[in-house]
Each structure stands twice: as C-alpha cells, then as structure tokens.
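Student: I am new to this structure. Please pick one buried spot and take me through it closely. Then follow the contacts outward, step by step.

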Amino acid sequence: MNEYKQLVTTLRETQDLPSEALRSLLETDAADALLREAAEEVRRQYYGDAVYLRGLIEFTNYCKNDCYYCGIRHGNREATRYRLSQEEILSCCREGYALGFRTFVLQGGEDPYYTDEKICSIVSAIRTAYPDCAITLSIGEKPRASYQAYFDAGANRYLLRHETATEAHYRKLHPDNMSLSNRKRCLFDLKEIGYQVGAGIMVGSPYQTTEHLLADLRFLQELSPDMIGIGPYLTHAETPFCDQPNGSLALTLRLLSILRLMFPYVLLPATTALGTIHPQGRELGLRAGANVVMPNLSPVGVRELYQLYENKICTGEEAAQCRGCLERRVLSVGYHVVTDIGNVRREKP
C-alpha cells in the first residue's frame, strides 16, 4: 500500500507518472480509495463543492455514420428517428433557463439535414435570447470552416470524444470511411478557433486494452482539453457489438480519479452512462472527482429515442425538470448544484 500511496502522491503533485506506474494504477483496485480521496481533495481546491449543470438537448438521432458501438448508427433500421425544429430547441432552452440552467448542450448524430446555415441560425437565436449562457455543440466531425461559422454565430464550447487514440483500436470501432487522424484534426481545429474543447472515451469499449488507455491519457496531455467526458461502454442490441460485455463501473471511477489528478482544472462530467450502469453511478462519479452533471432538457416524447446504448435512464431524477431531486442527490455526497455558467478554471481560485 505504501507503494500505491507514493504513486498517488506523485501523480497529484506532478500531474504525471511514467507509463509503467500509470499502468499499475489502472490495473489494480488496491489504490482506488487513495485515488478517490486525492481526486476529491483536488477538485475541491479548484472548484470547491460546486457541481455545474448542463442542460442537454438531444435534437436529432439521425446519423450518417455507422460506428459499430452506437445505437443511432445509420445502419440501425429499428431506430425510430426524429429531428427537433429550431422552435422546439428554443422551447427547451426557455424551460431550461427558467429552471436555472446557464449552459445548453446541443447534441446529435452527424445529421446532414442540419446544414451549417441551420446550425448557425439555431446558435444565433439561442445567443440572442440568452446572452449570459454558454452554448455547447456536440455534433461530430466537421470542416474547420464549419466550426468557425458556429463559433462566430455564438457557440463557445464543443464536445467531441476522440473515442480512442490508437489507430488499430479505432479501426475496430469505426467503418473505413472514418479516420482517427480526421477526428484529431477536428479537436485541434476547435482549440485553435477558441472553443472550450471536450474530448473523451468509452471505458471498456470492445477490444480496449490498458495500452489503449495509456495512449488515451497521453493524447489528452497533448490536447490539454477543457472538458473530458468518459463513461462505461454500454451495449446496444442493434449494433455489431451486441454480444460484447458492458464496460466496468470500477474502472470508469478509477479513471475519473486519475483524470482529476492529471488534469486538476478540467470540467469532468458524471455521465448518464454512469447513472445507467449503477443506480448511484453519478453520485459515485462526483465522489471520484467529477464536477458536472448533464440533465436532459429534450422533449419527453423523444428522450427514449436517443439511444446510443440500451436501458438509458430517460425519466425521473435524470430529467432536468426534477431539479430538486438532482440537488438532493448531489447534496447526499457533500456537494451542491450551482447555476453558474461554469467555465473551466485553469488555475486554482
């Protein structure tokens, strides 16, 4: 145990470890309690006991891509598809603003219907109506000119999970018309334009190894994102990976703590996938170093249709409308929900 205590202390103090030492932490549960305690202390140093809310609006489940792990992949003929109009999206924002949300996350598949002109119109309308709010987009890989147009229209954050930093692993998760090099290009374009950028992975995705996780951590060090979104891989029956096992809750929580220590400033969500794999998954995520939750502002009638994986929690305390329920959950683990816009803090306050 002294060995692990020293590793955790060094990681906390230097935000880095040699790969062999990181591998040791990733592959054992012996240091989990030490990691969790250190991560919780570090997140309090940077963010106190604040938990930031992001209002999630899943505005389309159409997607042109056929990623092998995803329930809204183009090849899933069983999916019931939907798109929200600009007015429907603005209605979600109105409700969210009244509930205290100051960040809206527009998430969707890579849907060609939403041209750059449509996305810019939506973003501009939200920016005009809610100038004190952050607008986050999570709509996949685009040309740099598109990202610039969205930024100029008023978007200021962008989430794009890199999924894996290893080419061979990427090829096992995606069809041949997609490339890891292009995904990385997108992330660096977004940073150069001036977005607050989020990357991340699925923990326990098919064929993932410890070496892949180490490569992910090194890539994140190179990218230095403002947000890192991770959650356990969860299977979907209408994908080529339908027989693959779900990812591990324990490893996801371990990685959350490691990420908090390596990137003490980062905005780190306790994801819906965590809440899906375990009834107290998001509370456990907050205890492991996370400081963001993303309740669903989408219209009730479409929430169950945005199925990246099966058995997604779609009602009750996951929903934005049950803000009081969510606040009680957050309070139960020693934190409190704030209505702050919640910008990244690169330095300790």
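Tutor: Start with Cys-120, which touches Ala-149, Tyr-150 and Ala-153, leaving aside residues up to four places away in sequence. Keep in mind that this is a predicted model. Cys-120 sits in helix α5. Is Cys-120 buried or exposed? Its relative accessibility is 17%, and buried means under 20%, so Cys-120 counts as buried. Now look along the chain to Tyr-147. Tyr-147 is 27 residues away from Cys-120 in sequence, yet their C-alpha atoms are separated by 10.0 Å.

Next, stay with α5 and turn to α4. Helix α4 runs over residues 86-98. Its length can be checked. Thirteen residues make twelve steps of 1.5 Å, so α4 should span 18 Å; the C-alpha atoms at its ends are 18 Å apart, which agrees. Which residues of α4 are buried? They are Ile-89, Leu-90, Cys-92, Cys-93 and Gly-96. These buried residues cover an arc of only 150° around the axis, so they lie on the same side of α4. There is a simple rule behind such a pattern. An α-helix has 3.6 residues a turn, so residues three or four places apart point the same way.

What do the buried residues of α4 pack against? Their partners are strand β2 (55-60), strand β3 (103-108) and helix α5 (116-129). Take the helix partner in detail. Two packed helices are described by the angle between their axes and the distance between the axes. The axes of α4 and α5 cross at roughly 30° and come within 10 Å. Angles under 35 degrees count as roughly parallel, so α4 is roughly parallel to α5. Their crossing is right-handed. On the α4 side of the contact are Gln-86, Ile-89, Leu-90 and Cys-93; on the α5 side are Ser-121, Ile-122, Ala-125 and Ile-126. Ile-89, Leu-90 and Cys-93 are therefore on two lists, being buried and in contact with α5. Follow the chain just past the end of α4. There, Gly-100 takes a positive phi of about 105°.

Now go back to Tyr-147. It belongs to helix α6 (residues 144-153), and Tyr-147 is one of the α6 residues that meet α8. Where does α6 lie relative to α8? Their axes come within 10 Å and cross at roughly 35°. The crossing is right-handed. From α6, Arg-144, Tyr-147, Gln-148 and Phe-151 take part. They meet Arg-185, Cys-186, Asp-189, Leu-190, Glu-192 and Ile-193 in α8.

Helix α8 has another helix to visit. Helix α8 (residues 180-193) packs with helix α9 (residues 210-223) at an angle of about 30°, and their axes are 11 Å apart. That makes α8 roughly parallel to α9. This crossing, too, is right-handed. Here α8 contributes Lys-184, Leu-187, Phe-188 and Lys-191. Their partners in α9 are Phe-219, Glu-222 and Leu-223.

Two loop residues deserve a look along this route. Most residues other than glycine have a negative phi. Tyr-207 has a phi near 75°, a positive value in a residue other than glycine. Its place is the loop between strand β6 (196-203) and α9. How exposed is Tyr-207? Its relative accessible area is 45%, so Tyr-207 is partly exposed. Glu-163 has a positive phi as well, near 70°. Glu-163 sits in the loop between strand β5 (157-159) and helix α7 (167-173). With 8% relative accessibility, Glu-163 counts as buried.

Finish with β2, the strand partner of α4. Its range, 55-60, takes in position 58. The C-alpha atoms of Glu-58 and Arg-303 are separated by 7.7 Å, although the two are 245 residues apart along the chain. Arg-303 lies in helix α13 (residues 300-303). Its relative accessible area is 3%, so Arg-303 is buried.

Definitions and conventions: Residues numbered from 1 in each chain as written. Predicted model: local features only at pLDDT ≥ 70, side-chain atom pairs only at ≥ 80, totals over all residues. Heavy atoms only, no water. Helix = DSSP H or I, 4+ residues; strand = E, 2+ residues; numbered from the N terminus. Buried < 20%, exposed > 50% of the residue type's maximum accessible area, 1.4 Å probe, protein only. Arc of directions from axis to C-beta. Contact = heavy atoms within 4.5 Å. Axes fitted to C-alpha atoms, helices over the stretch in contact; angles between N-to-C directions. Parallel < 35°, antiparallel > 145°, perpendicular 65-115°, else oblique. Left-handed = near helix turned anticlockwise from the far one by under 90°.
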